[in-house]
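Thanks for coming. I will go through one model today, beginning with its pocket and ending with a few single residues.

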Amino acid sequence: MKDSVITDTVDPRAEEAASWYLSLTDGSMSEADQAQFDDWLAVPDNADAFADMARMSRALDGLGEEPDIISLRTAALCDYEDRTDSGRRRGEVRKSLFAVALAASLLLAFLGVLSVWGDHSQRYATSIGERRTVLLDDGSQLALDGDSTVDVDLGHYRRSLVLVRGRARFNVAKDPLRPFTVTAGNRIVVATGTSFSVELLGRDVHVQLFEGHVAVVNRTAGRGMAPSEQFRPRRLASEPQLTPGNEMVALAQGVEAPRVAPFQIGAGQAWQDGELVFENTTLASAVERVNRYSRQPIALADAQTGAIVVNGVFRAGDARAFLDGVTALYPIEVSAEGDGWKIERR
């Protein structure tokens, strides 16, 4: 962890948010307070500040045994005692201000937490023939196909992941205050709590939705907006949405409208059980998926060969069985080339 730093200044809006949060959690609010809180919360900037406070509180709960967090809490309590003691001596501090002082002290601790907790960027990768499942810190589950790479950045405003290569499935833990985004090429998939896969295949991005809802937007969507606003549900309402059982295919680097069509959910998740299912799949796409499991790569003689449409179910990692199958069913032949094989039309 980085060195902890507690600052001496607090944004007034954040301090108000801390005070309201403290009142809510200790059950001290009257009906009049509740009405005042509702009016305050109706202001969008106030709602954002309050959401940040709730999120920081959860951070403290989850990291309570970390040495740095214990140090921050101790510093906050000392700060609170200094404020209240000096206030009592002067006889100038009203009861409500004690709450603000405590809230501000907690806020300073929360800000300190962010300084040690906000940087959770990490890369997960598999080698050829390897599959891997990872439980992320937010409770989401990440499953990687062979020869795949995902960068994960869990921040305090959103959860940002980038599919660098290959394919991955995401079972997303619900957190409406922290959107979950997966960037692949020029496309961003936005979810709150759902299950979907993203794959870079040839020049395309494939998004298959198994449960819930996701929006798929261009990478430039919301550029210039504050992170807390960029992927809010109300802003995404006008963007393309996927429903379960549908697959979106779009150019990874293009801005053209994506194609959406139904897919078989069982076939879409078969790779996690070690099966490669091809349904009206081009030979080029099938070979790319087979190569994620083979250290003897398969090459195609030309684009015309790669355009042949194939069907079938094959065991991942058994490239020889795949070659035997496609040569028996389609007008192609296989020859040895380097450390692998080459497929060409007969």
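**The pocket and what surrounds it**

Strand S15 contributes the most to the lining of the largest pocket, giving 8 residues. Before going further, please keep in mind that this is a predicted model.

The largest pocket holds about 720 Å³ of space. It is lined by 32 residues, and Leu201, His206, Glu247, Thr281 and Arg289 are the closest to its centre. Which elements give two or more residues to that lining? They are strand S10 (204-211), strand S13 (246-251), strand S14 (259-262), helix H8 (265-268), strand S15 (275-282) and helix H9. By residue class, the lining divides into 14 nonpolar, 9 polar and 9 charged.

Now the sheets. On pairing in general, the strands of a sheet are held to each other by backbone hydrogen bonds, in either a parallel or an antiparallel sense.

One open sheet has 7 strands, in the order S2-S3-S6-S9-S10-S13-S14, and its pairing is antiparallel. At its edges are strand S2 (132-135) and S14, each of which pairs on one side only. From one strand to the next, the twist in this sheet averages 20 degrees. Within it, S10 and S13 are joined antiparallel over 5 bridges. To give one pair from that, Val207 has Met248 in S13 as its bridge partner. S10 and S13 are also among the elements I listed for the pocket lining.

Helix H9 lies across two strands, S6 (167-171) and S9 (195-201), and runs at about 105 degrees to S9.

There is also an open sheet of 3 strands, ordered S16-S19-S18, with mixed pairing. S16 (298-300) and S18 (332-337) are its edge strands; each has a single partner strand, so one side of each is left without a neighbour in the sheet. The twist here averages 30 degrees from one strand to the next. S16 and S19 (residues 340-345) run parallel and are joined by 3 bridges. In one of these pairings, Ile298 has Trp341 in S19 as its bridge partner.

Two helices pack on this sheet. Helix H9 (residues 283-291) touches S16, S18 and S19, and its direction makes about 160 degrees with that of S16. Helix H11 (residues 319-329) also touches S16, S18 and S19, and its direction makes about 145 degrees with that of S18. To put H9 together, then: the helix packs on the sheet of S16, S18 and S19, lies across S6 and S9, and gives residues to the pocket lining.

Last, some single residues. Asp145 sits in the loop between strand S3 (141-144) and strand S4 (149-154). Is Asp145 buried or exposed? Its relative accessible area is 0%, and the cut-off for buried is under 20%, so Asp145 counts as buried. Leaving aside residues up to four places away in sequence, Asp145 touches Thr126, Glu130, Arg131, Arg167, Trp271, Arg292 and Tyr293.

The loop between S3 and S4 also holds Asp147. Most residues other than glycine have a negative phi. Asp147 is not a glycine, yet its phi is positive, near 50 degrees.

Asn280 also has a positive phi, of about 50 degrees, and is not a glycine either. This residue lies in S15, the strand that gives the most to the pocket lining. With a relative accessibility of 61%, against a cut-off of over 50%, Asn280 counts as exposed.

That is what I have.

Technical notes
Residues are numbered from 1 along each chain as its sequence is written. This is a predicted model: local features need pLDDT of at least 70, side-chain atom pairs count only at pLDDT 80 or more; totals for chains, interfaces and linings use all residues. Side-chain values use heavy atoms; hydrogens and water are left out. Helices (H or I, at least four residues) and strands (E, at least two) are DSSP runs, numbered from the N terminus. Buried means under 20% relative accessible area, exposed over 50%, partly exposed in between (1.4 Å probe, protein chains only). Contact means heavy atoms within 4.5 Å. Two strands pair if DSSP finds at least two bridges between them. Axes are lines fitted to C-alpha atoms, for helices over the stretch in contact, and angles run from 0 to 180 degrees between N-to-C directions. On a 1 Å grid over the protein atoms alone, a cavity is a set of points where a 1.4 Å probe fits but cannot get out, and a pocket is an open set with protein on both sides within 12 Å along at least five of seven lines; lining residues have an atom within 4 Å of a point. Grid points are joined across faces, edges and corners, and a volume is the space filled by probe spheres set on the points. Ala, Val, Leu, Ile, Met, Phe, Trp, Tyr, Cys and Pro count as nonpolar, Asp, Glu, Lys and Arg as charged, and the others, Gly among them, as polar.
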